[in-house]
Amino acid sequence: MNCAQAIQGLDAYLEGSAGVPEREALERHLAACDACRASLGDLRALRDAAEALPPSLRPPRDLWPGIADRLAPREDLRRGIRRRRAVWLAAAAVLLMVASSGGTALLLRRTPPAAERLSAGTLTLEASYLDAARELSRVLEEERSALAPATVETLERNLAVINDAIAESRAALAADPANPALTALLWSAHRRKVSLLEQAVRTLTQS
Amino acid sequence: MELVRKAQAGDAEAFRLLYEEHVGRVYALCLRLERDAARAEELTQDAFVRAWEALEGFRGEAAFSTWLHRLTVNVVLSSRRSLARRARRFIDTDDAPAPARAATPGLAVDLERALQTLPDGARTVFVLHDVEGYRHGEIATMLGVAEGTSKAQLFRARRLLREVLTR
């Protein structure tokens, strides 16, 4: 083991997460290398200093007045939660309606319907999905700060992928309106989008 | 838990007592995650307001302090993200230059000062791991990065801190 490898392995060694062969190799190197031993000493000192930092620091001024002014009465907060739940239930009802009526009918049709009828049906059904997605998105936007940043990031990344899929399916369907496979792809992408938003809203209302 | 139960029922005075008990810990976390003392005060206030709003969902599965601590980390990270979004900055904020001097004049400890010279990503991981005791897996989840990224940022933070402290 050379010094560069030893330096790379010091963190894991110090935390006790290095494997036995790595630990033994590192210890052999440390026994013979003053510089790396000094680095290990520095790391230990840094770790000890970090652990010794005071866990609590008094802010320079009283922050409570600025907090107290912003505390909504508990009943208002409960009303807000009930409203969000109501919105979620309404959106879920829209989804159920979509899934149990036009959507299923369109998806289960064996023969492609006439282009004009498909076009009208497509627009009507799509409007239902868009309404549901819009309502859910509005709730999420209002409550964005309640979600962990990592969750928001994942949600946004997945939504971007699904939105691309929706755009592609729509473009393809515009060119070939009677194609049942393309229709199925479009509904599938819409369902995934609403389902993803629905999951995120459910996380909020259950928190 | 009595104070928590009262605050859950809407007792603002009980919540003030919880604030008194925990504000030092929340402020210390905000100050170490951000580099600016005024910003840390704002975030501390945001964290307590958010805690009040979310308190009914606290079921006591973890200690209140643990719950509040995690919520504070989320408030800080979320605020950082939305500031970046508003500024529409497409540069990596991790490479943003550190301020010329420490923004916490009251802190005498060398490490506190050295921490403020670190880039955001390295400082965040160092504070969460070495100061607050979170594991890499937890940090990776909070930050939305791979566990290896958290380890690499910690390695970088420790290297930079040693350089600053031995200058």
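A residue counts as buried here if 20 or more other C-beta atoms lie within 10 Å of its own, as exposed if 12 or fewer do, and as partly exposed in between, with C-beta atoms placed from the backbone. Keep that in your pocket for the exercises.

This is a predicted model, where local features need pLDDT of at least 70 and side-chain atom pairs count only at pLDDT 80 or more, while totals for chains, interfaces and linings use all residues. Residues are numbered from 1 along each chain as its sequence is written, and chains are lettered from A and ligands numbered from 1 in the order in which they are written.

**Exercise 1. Work out what chain A is built from and what share of it is buried.**

Step 1: get the elements. Helices (H or I, at least four residues) and strands (E, at least two) are DSSP runs, numbered from the N terminus. Chain A has nine helices and zero strands.

Step 2: apply the burial cut-off. Of the 207 residues in chain A, 17% are buried.

Step 3: check the sequence separation of the contacts. Two residues are in contact if their C-beta atoms, placed from the backbone, lie within 7 Å. Take the chain A contacts with a separation of 6 or more: 72% of them join residues 24 or more positions apart.

**Exercise 2. Do the same for chain B, then see how confident the predictor is.**

Step 1: chain B comes to eight helices and zero strands.

Step 2: 39% of its 167 residues count as buried.

Step 3: of the chain B contacts between residues at least 6 apart, 56% link residues at least 24 apart.

Step 4: turn to pLDDT, the predictor's confidence in each residue, from 0 to 100. Chain B averages 84, and 84% of the residues score at least 70. Among its elements, α2(B) has the highest mean (95) and α4(B) the lowest (84). Watch residues 88–93 of chain B, where pLDDT is below 50 and the stretch has three contacts beyond near neighbours in sequence. Residues 95–108 of chain B are also below 50, with 22 such contacts in the model.

**Exercise 3. Describe the side of chain A that touches chain B.**

Step 1: count. The contact uses 33 residues from chain A and 40 from chain B.

Step 2: find the contributors. On chain A, the elements giving two or more residues are α3 (34–52), α4 (64–68), α5 (74–100) and α8 (149–175). The top giver is α3(A), with six residues.

Step 3: sort by chemistry. Ala, Val, Leu, Ile, Met, Phe, Trp, Tyr, Cys and Pro count as nonpolar, Asp, Glu, Lys and Arg as charged, and the others, Gly among them, as polar. That splits this side of chain A into 21 nonpolar, five polar and seven charged residues.

Step 4: note the model scores, ipTM 0.79 and pTM 0.64.

**Exercise 4. Track down the largest nonpolar core and its best-connected members.**

Step 1: a nonpolar core is a set of buried Ala, Val, Leu, Ile, Met, Phe, Trp, Tyr and Cys residues joined through C-beta atoms within 7 Å.

Step 2: the largest one has 46 residues, and Tyr27(B) and Cys30(B) touch the most other members. The biggest share, 11 residues, comes from α2(B).

Step 3: zoom in on Cys30(B). Setting aside neighbours within four places in sequence, Cys30(B) contacts Ala40(B), Leu43(B), Thr44(B), Thr72(B) and Val76(B).

**Exercise 5. Is Ala9(B) buried or exposed?**

Step 1: Ala9(B) sits in the loop between α1 (2–8) and α2 (12–33) of chain B.

Step 2: Ala9(B) is exposed because it has 11 other C-beta atoms within 10 Å.
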